[in-house]
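Trainee: I am new to this structure and would like a close look at a single part of it. Could you take me through one piece of packing slowly, and then place it in its wider setting?

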Amino acid sequence: MNIVFDTDLINRYDNTGPRYTSYPTAVEFSEEFTEAHYRNAALETNEDPIPRPLSLYFHIPFCESVCFYCACNKVVTKNRSRAESYLGYLKKEIEFQSELFNHDRKVLQLHWGGGTPTYFNPTQITELMAHTRQQFDLLEDDSGDYSIEIDPRTAQADTIPFLRDMGFNRISFGIQDFDPTVQKAVNRVQSTEQVETLFMQARRASVRSINVDLIYGLPFQSVASFEKTLDHTIALSPDRLSIFNYAHLPRLFRPQRNINAEDLPSAAEKLAIFKMSIDKLVQAGYVYIGMDHFAKPDDELAIAQSEGKLFRNFQGYTLLGDCDLVGMGQSAISQVDDVYCQHVKTEDQYAAAIEAGQIGIQRGVALNFDDKIRRAVIMQLMCDFSLDIKKFESKSNILFSQYFNQELAKLKPMQEDGLVQITDTEITVAPSGRLLVRNICQIFDAYRQGTTNISYFSKTI
Ligand code: SF4
């Protein structure tokens with residue numbers, strides 16, 4: 001058992017916190033960081049003795065209808081011409097970005113997210129993929145990690161074989177819940193049969209890895225109802241599973257105002273749903289990766305974690321940590337060398353930037369020495385649940401006990417509570433602390449000192 005669900009500890013450490021897909025988090029990005037900074041940083045990466053490979057992310061924001069729980073950057077419209085003009089801008093951006101990176105830098109990872117990437121029709125998908133191939137060095141032997149998010153409601157009988165032909169070898173299905181009452185309450189109705197058919201198509205097309213996203217904490221969910229959703233899901237045998245915690249923040253996310261707070265499960269019921277989910281997935285043979293992610297033991301993610309080769313970036317847990325991540329499209333985030341930055345967030349702002357010959361970078365941050373040290377600690381704890389202090393000292397040139405004197409003192413109560421074990425040579429997150437790893441990481445976050453329960457972060461559990 002690599003994880004212990006301790007209700008008492010979880011209630012005691014009930015808090016909000018970042019998901020640490022970056023450090024510093026996006027909240028710390030500033031508009032003092034400009035597009036010129038990004039361009040310089042990107043160009044400089046070509047001067048490294050061995051320039052890193054690339055990971056490309058495309059944000060395709062369009063959706064046919066709105067899911068009431070949604071907190072994503074999206075454009076809900078049935079007007080398809082908007083997607084056509086967005087595609088034009090995206091192609092322009094691909095050209096601008098490709099000028100910044102040497103053309104022999106291989107694209108090891110590609111991800112299309114949204115919104116709904118399959119809102120683009122097959123002609124548009126073909127066009128975008130062909131343009132990417134023209135401008136960047138994509139791998140042609142299926143060895144890349146090329147993934148796409150699919151809303152099962154938008155997929156036709158030939159969608160999966162078509163995407164496979166396009167070069168995608170990983171697929172992520174947004175299912176959320178199979179229960180018709182829950183689906184109706186969140187305005188996302190899709191049948192179990194629809195999803196089963198897509199799974200069969202994906203297996204037939206030799207898709208290398210299938211991920212499923214579920215959400216707990218939605219209206220009308222209960223332990224019994226969500227158990228049925230999990231039974232259906234486990235029967236489909238996805239390679240990876242994410243079980244996200246729904247955070248009801250209607251003040252921040254307009255679609256959530258359509259959800260009746262009285263229909264939501266109580267905090268105790270939510271915790272019980274999550275506990276049942278963990279028990280069931282562990283029994284079914286899934287390995288807990290971290291945060292809300294599970295994988296089959298023979299999945300690359302689980303293998304990488306057991307070998308200490310797991311990384312975390314804006315795409316979540318990944319095997320490919322040593323890539324420069326180039327985000328494209330509105331709201332997309334990039335991580336290039338020691339710089340993070342984000343695009344403008346609306347369709348109009350993005351169109352205006354591209355028409356002016358810009359990429360559309362709105363804000364970002366260049367990491368200083370302290371940021372880099374803290375990022376290394378946080379990412380290692382998030383991925384490995386342990387940190388070898390001696391190895392860390394020799395890599396980073398710091399004396400850990402001195403540099404993190406205050407943090408080690410703040411970890412003491414967590415140590416006494418059994419969340420973490422600390423010796424002179426190692427910090428280890430105990431099985432009962434793994435679900436609370438975000439709380440542990442916050443101790444090392446210089447921007448979160450003395451602040452708890454910040455409303456723009458989700459609950460750590
Ligand atoms: S959850 Fe996905 S499909 Fe639904 S509105 Fe949000 S981005 Fe669109």
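At what angle do helix α3 and helix α11 pack, and how far apart are their axes?

Mentor: Please keep in mind from the start that this is a predicted model. Two packed helices are described by the angle between their axes and the distance between the axes. Here helix α3, which covers residues 81–98, packs against helix α11, residues 347–355, at an angle of about 45 degrees, and their axes are 10 Å apart. Angles from 65 to 115 degrees count as roughly perpendicular and those under 35 as roughly parallel, and α3 and α11 are therefore oblique to each other. Their crossing is left-handed. On the α3 side the contact is made by R82, Y86, Y89, K92 and E93, while α11 brings E347, Y350, A351 and I354 to meet them. Sorted by character, the residues of this contact divide into five nonpolar and four charged, with no polar ones.

For the wider setting, the protein chain is divided into domain 1, made of 1–24 + 369–461, and domain 2, which spans 28–328. The C-alpha centres of these two domains lie 26 Å apart, and 22 residues of domain 1 are in contact with 22 residues of domain 2. On the side of domain 1 that touches domain 2, the elements that give two or more residues are α1 (7–12) and α12 (369–384), and α12 provides the largest share, four residues. The residues of that side divide into 13 nonpolar, five polar and four charged.

Note on methods: Residues are numbered from 1 along each chain as its sequence is written. This is a predicted model: local features need pLDDT of at least 70, side-chain atom pairs count only at pLDDT 80 or more; totals for chains, interfaces and linings use all residues. Domain bounds come from an automatic or database domain assignment. Two residues are in contact if their C-beta atoms, placed from the backbone, lie within 7 Å. Ala, Val, Leu, Ile, Met, Phe, Trp, Tyr, Cys and Pro count as nonpolar, Asp, Glu, Lys and Arg as charged, and the others, Gly among them, as polar. Axes are lines fitted to C-alpha atoms, for helices over the stretch in contact, and angles run from 0 to 180 degrees between N-to-C directions. Angles under 35 degrees count as roughly parallel, over 145 as roughly antiparallel, 65 to 115 as roughly perpendicular and the rest as oblique. A crossing is left-handed if the near helix is turned anticlockwise from the far one by less than a right angle, and right-handed if clockwise.
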